[in-house]
Amino acid sequence: MTPIDLIYKHILRPFLFQFDPETIHEYALEKIEQTRFVKPLIKNLLTKSDPRLRREIWGLTFDNPVGLAGGFDKNGICAGLWDAFGFSFYEIGTVTPLTQAGNPKPRLFRYPDRKALVNRMGFNNHGAIRIAQRLDRIKDRLEDSTAVIGISLGKQKETPPEDLERTAGDYLTVLDTLHPYGDFFVVNVSSPNTENLRTLQQADQLKPFLSPLLETLDKRGGGKGNGGRKPLLVKLAPDLSNEEIDEAVYVICELGVDGVIATNTTNQTGEDESGGLSGQPLRKRSTEVIRRIAQQTKGQLPIIGCGGVFTAEDAIEHIKAGAWLVQVYTGFVYEGPTIANKINQGLIHYLNEEKLERFI
């Protein structure tokens with residue numbers, strides 16, 4: 001355990017966990033944003049590079065398989081800095097067209113005994129225009145970063161998901177506004193905290209909903225692969241039945257969607273608080289979903305594994321199941337700012353032990 005880990009786990013984390021989780025999360029983002037003044041030093045301490053970890057997907061270069069999941073830095077407060085913490089990519093959002101307050105507080109809860117969180121945030125964010133303005137102000141910082149930027153697209157709370165035209169319009173608005181800043185885009189139709197949102201994962205709704213997004217990406221261009229289109233991914237819920245997963249993936253492949261994130265949080269929290277459960281209890285189901293999608297698509301569809309990744313062993317489990325990349329969220333809260341570096345070091349150790357040139 002490094003000195004940074006010792007300080008975080010034995011001094012800083014116990015202190016921070018005495019306070020409201022959402023308040024501390026926002027405070028932590030402010031402090032991380034201030035590391036821009038010493039980014040080279042932070043990067044030197046918290047990054048581990050090895051060409052065997054590098055992946056080329058969609059014409060994009062990922063320096064390693066580890067990324068930061070959507071929801072952690074919703075508003076891009078720390079955009080352009082996450083590569084200094086060892087992440088090869090990160091996801092801003094979920095973003096809605098207009099500023100949105102989200103659900104009533106308190107709405108984020110820790111369960112340390114299970115290494116889990118429950119949230120019912122409700123797509124709280126600054127809105128597409130304000131986030132675009134922020135990213136424009138820090139474009140030099142973004143250009144200096146090696147990390148790939150994903151942007152998670154969402155709808156306003158008031159837009160009924162059964163009105164597919166209006167719902168698609170919300171996602172299109174965010175896509176149009178933030179298209180210049182994202183390297184890839186994620187359609188979030190799997191959050192359990194926006195009423196009836198998950199119905200959009202059903203095959204009969206997914207096809208007419210996704211088609212206009214793909215058409216817009218085709219027209220906008222700007223991508224490095226896919227015929228010049230920036231890639232589009234769909235984030236699926238772990239609570240879908242296996243048959244529902246199969247049907248959704250069939251539509252995703254039929255339309256030419258570029259990848260899947262497996263998975264979002266589960267609404268089976270096992271706690272008094274409702275919302276979406278993330279963390280270690282989610283890992284097993286996320287791995288099952290990854291494996292099923294990989295088998296269905298014969299490993300040809302890029303999958304980002306998300307759910308319960310705390311260690312290199314967790315990441316390897318996802319990768320062996322079929323994930324091309326992995327994301328962390330709750331693991332960052334419990335393991336601290338060295339998590340990506342530790343996972344990457346563990347992956348390198350595994351490659352050395354197994355005498356492998358690469359994972360995939």
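**Briefing: salt bridges, cores and a buried helix**

Lys342 and Asp5 pair up through their side chains in a salt bridge, at 3.4 Å from N to O (a salt bridge here is a side-chain nitrogen of Lys or Arg within 4 Å of a carboxyl oxygen of Asp or Glu). Lys342 sits in helix H12 and Asp5 in helix H1 (residues 3–16), so the pair ties together parts that are 337 residues apart in sequence. This is a predicted model, so local features need pLDDT of at least 70 and side-chain atom pairs count only at pLDDT 80 or more, while totals for chains, interfaces and linings use all residues. Residues are numbered from 1 along each chain as its sequence is written, and side-chain values use heavy atoms, with hydrogens and water left out.

**Overall build**

- The protein has 12 helices and 13 strands (DSSP runs numbered from the N terminus, with helices being H or I of at least four residues and strands E of at least two).
- Its radius of gyration is 19 Å, close to the 21 Å from the globule rule for 360 residues, so the protein is as compact as a globular protein of that length (the radius is taken over C-alpha atoms, and the rule is 2.2 Å times the number of residues to the power 0.38).
- Along the principal axes, the C-alpha atoms fill a box of roughly 55 × 45 × 45 Å.
- Of the 360 residues, 59% are buried (buried means under 20% relative accessible area, exposed over 50%, and partly exposed in between, with a 1.4 Å probe and protein chains only).
- About 15100 Å² is exposed, and carbon and sulfur atoms supply 51% of that (areas come from the Shrake-Rupley method with a 1.4 Å probe; for residues, only the protein chains shown count as cover).
- Among contacts with a separation of 6 or more, 74% come from residues 24 or more positions apart (contact means heavy atoms within 4.5 Å).

**More on the salt bridges**

- The count for the model comes to 22 salt bridges.
- The two ends of the lead pair sit differently: Lys342 is partly exposed at 29% relative accessible area, whereas Asp5 is buried at 3%.
- Both belong to a salt-bridge network that links Asp5, Lys9, Lys115, Glu335 and Lys342.
- Asp83 bridges to Lys39, with the closest N and O atoms 2.9 Å apart. Asp83 is in the loop between S3 and S4 and Lys39 is in helix H3, so this pair ties together parts 44 residues apart in sequence.
- Asp83 is buried at 2% relative accessible area, and Lys39 is buried at 9%.
- Glu273 and Arg120 make another bridge, with the closest N and O atoms 2.9 Å apart. Glu273 is in the loop between strand S10 (259–262) and strand S11 (276–279), and Arg120 is in the loop between strand S6 (116–119) and helix H4 (128–137), so the pair ties together parts 153 residues apart in sequence.

**Nonpolar cores and a surface patch**

- The largest nonpolar core has 102 residues, and Trp82, Phe87 and Ile293 have the most contacts inside it (a core is a set of buried Ala, Val, Leu, Ile, Met, Phe, Trp, Tyr and Cys residues joined through side-chain atoms within 4.5 Å).
- Helix H12 (residues 339–354) gives the most to this core, with seven residues.
- Apart from this core lies another, of five residues, among them Phe109, Tyr111, Ala116 and Val118.
- Not counting residues up to four places away in sequence, Trp82 touches several residues, including Leu29, Phe72, Phe87 and Phe332.
- Out on the surface, Ile4, Phe37, Val38, Leu41 and Leu45 make a nonpolar patch of about 480 Å² (patch residues have over 30% relative accessible area and no salt bridge; like charges are joined within 9 Å and nonpolar side chains, meaning Val, Leu, Ile, Met, Phe, Trp and Tyr, within 5 Å).
- Val38 is in the loop between helix H2 (21–33) and helix H3 (39–46), and it is partly exposed at 38%.

**Buried spots worth a look**

- Seven of the 10 residues of helix H10 (residues 312–321) are buried, so this helix is largely enclosed by the rest of the structure.
- Cover for the buried residues of H10 includes helix H9 (283–296), strand S12 (303–306), strand S13 (325–328) and H12.
- Just after H10, Gly322 takes a positive phi of about 135°.
- Ala84, in the loop between strand S3 (66–73) and strand S4 (89–95), is buried at 2% relative accessible area.
- Ala84 is 44 residues from Pro40 in sequence, yet their C-alpha atoms are 7.3 Å apart.
- Asn344 is in helix H12 and counts as buried, at 1% relative accessibility.
- Leaving aside neighbours within four places in sequence, Asn344 is in contact with Lys48, Leu53, Asn64, Pro65, Val66 and Gly86.
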